[in-house]
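Here are my notes for a first look at this structure. Please read them with the model open beside you.

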Amino acid sequence: MASVPSPPTHRHVLIVGGGSAGISVAARLRRAGVTGIALIEPSDTHWYQPLWTLVGGGQAPLRATRRPEASVIPDGVHWIRQAARAIDPDLRTVTLGDGRRLAYDHLVMAPGLQLDWNGVPGLAEAIGHDRVTSNYAPEYAPRTWDLIRGMRSGTAVFTHPATPLKCGGAPQKIAYLAADYWRKQKVLDRIRIILAIPDPALFKVPAWSEVLEKVASRYGIEVRLRSEMTAVDGDARELTVTDHATGTKETLAYDLLHAVPPQSAPDWVKASPLADPASPQGFIAADKHTLQHPRHPEVFALGDVANLPTSKTGAAVRKQAPVVAANLLAVMKGAEPTRRYDGYTSCPLVTARDRMLLAEFDYDLRPTPSFPLIDTFKERRDMWLFKRYGLPPLYWHGMLTGRL
């Protein structure tokens, strides 16, 4: 006789994901006096991922990017240390990895995305070996710096997948950091640098793209636009780059490969009714302004997992979290959501070991500067200092606590 599943435990608000998005919304809801909040997050470590580029560039220690997850859970929020495995929005239940079910009145989806190392043939086998690294995972970012500082000649290749990804500028930022280091070591002229970008330009906003073209030219970087890494042979230290404009494929030997894997929604999210049919990667459907699910008004999505036409960055989450919190409070009161997200995102484009551009823009790709008196179309040392030393404490003490 088949066992009957036990009734689900009920929560007023269920938040899936304990990264920057989930914690920020939880903190804002608690500040508004909401009770009965539970947060699902299996990891006991909370990472500040924007600093991983500087870890890979030898400019920050990995330990500066992590804190215990318990230290960022807001008071009054029940932490469920499990992974979510399935969701039934009609029954309003989430199933956990241990088989338990949780029922909810309101749901916030913020589980982030997954790195699909198997999305490029040979990459899963080569990553972490064969001079292949990636700043997109904490276990590999320190290795990036080891490879950069140990290189004195040869070919270095930096890749960018043709899927949405977190921090779209990161694949090229590490190329500039490496090139500047090699320049200062007086070995840049002995190193061939190739940057493969799947897009028709280095950056989606033309004004910043023009500046980055000059940066790449300054370092002698060979930029391959509309191009993507489609295979890796770690044993042979070769990769295949496909030019999507012409359909041609080129085999390149490498001495250093910084590979960024394709990225998608977690598998269980892809298989859920919340996934947007218009998203090949299974990201969650959400109104681009209210962040409310189009078919399930009690569900909101934000952060990397939401299928929004903007870059997936921590800066975007900082603007999305207050919108989700305010609109969720409105729905709780039986009202329509009125707070709107304009697509704001920000990409701190590190162009040298002491210089940075700050690209800020909205859904319409209009520049939306936070520092209107500062020319962020120029490479600036003060902006680099702000990224390295200003943004981390603002993140830990402002954004995650619901104050910013």
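1. Start with helix H9, which covers residues 381–399. The helix has a kink of about 40° at Gly390. The proline Pro392 follows shortly after the kink. Keep in mind that this is a predicted model.

2. Which residues of H9 are buried? They are Met383, Trp384, Lys387, Arg388, Gly390, Pro392, Tyr395, Trp396, Gly398 and Met399. Both Gly390, the site of the kink, and Pro392 are thus on the buried list.

3. Now the whole chain. It holds 9 helices and 21 strands. Its radius of gyration is 22 Å, close to the 22 Å that the globule rule gives for 404 residues, so the chain is as compact as a globular protein of that length. The C-alpha trace spans about 65 × 60 × 40 Å along its principal axes.

4. Burial and contacts come next. Of the 404 residues, 56% count as buried. Take the contacts between residues at least 6 apart in sequence: 63% of them join residues at least 24 apart.

5. On the surface, the accessible area is about 16800 Å². Carbon and sulfur atoms account for 50% of that area. The chain has 48 positive and 40 negative charges, and their mean positions lie 7 Å apart.

6. Last, look at Gln281. This residue sits in the loop between helix H7 (267–270) and strand E19 (299–301). Is Gln281 buried or exposed? Its relative accessibility is 16%, so Gln281 counts as buried, the cut-off being under 20%. Beyond neighbours within four places in sequence, Gln281 contacts Thr163, Pro164, Gln263, Ser264, Ala265 and Lys270.

Terms used. Residues are numbered from 1 along each chain as its sequence is written. This is a predicted model: local features need pLDDT of at least 70, side-chain atom pairs count only at pLDDT 80 or more; totals for chains, interfaces and linings use all residues. Side-chain values use heavy atoms; hydrogens and water are left out. The bend at a residue is the angle between axes fitted to the seven residues ending there and the seven starting there. Helices (H or I, at least four residues) and strands (E, at least two) are DSSP runs, numbered from the N terminus. Buried means under 20% relative accessible area, exposed over 50%, partly exposed in between (1.4 Å probe, protein chains only). The radius of gyration is taken over C-alpha atoms; the globule rule is 2.2 Å times the number of residues to the power 0.38. Contact means heavy atoms within 4.5 Å. Accessible areas come from the Shrake-Rupley method with a 1.4 Å probe; for residues, only the protein chains shown count as cover. Lys and Arg count as positive and Asp and Glu as negative; His and the chain ends are not counted. The place of a charge is taken as NZ of Lys, CZ of Arg, CG of Asp or CD of Glu.
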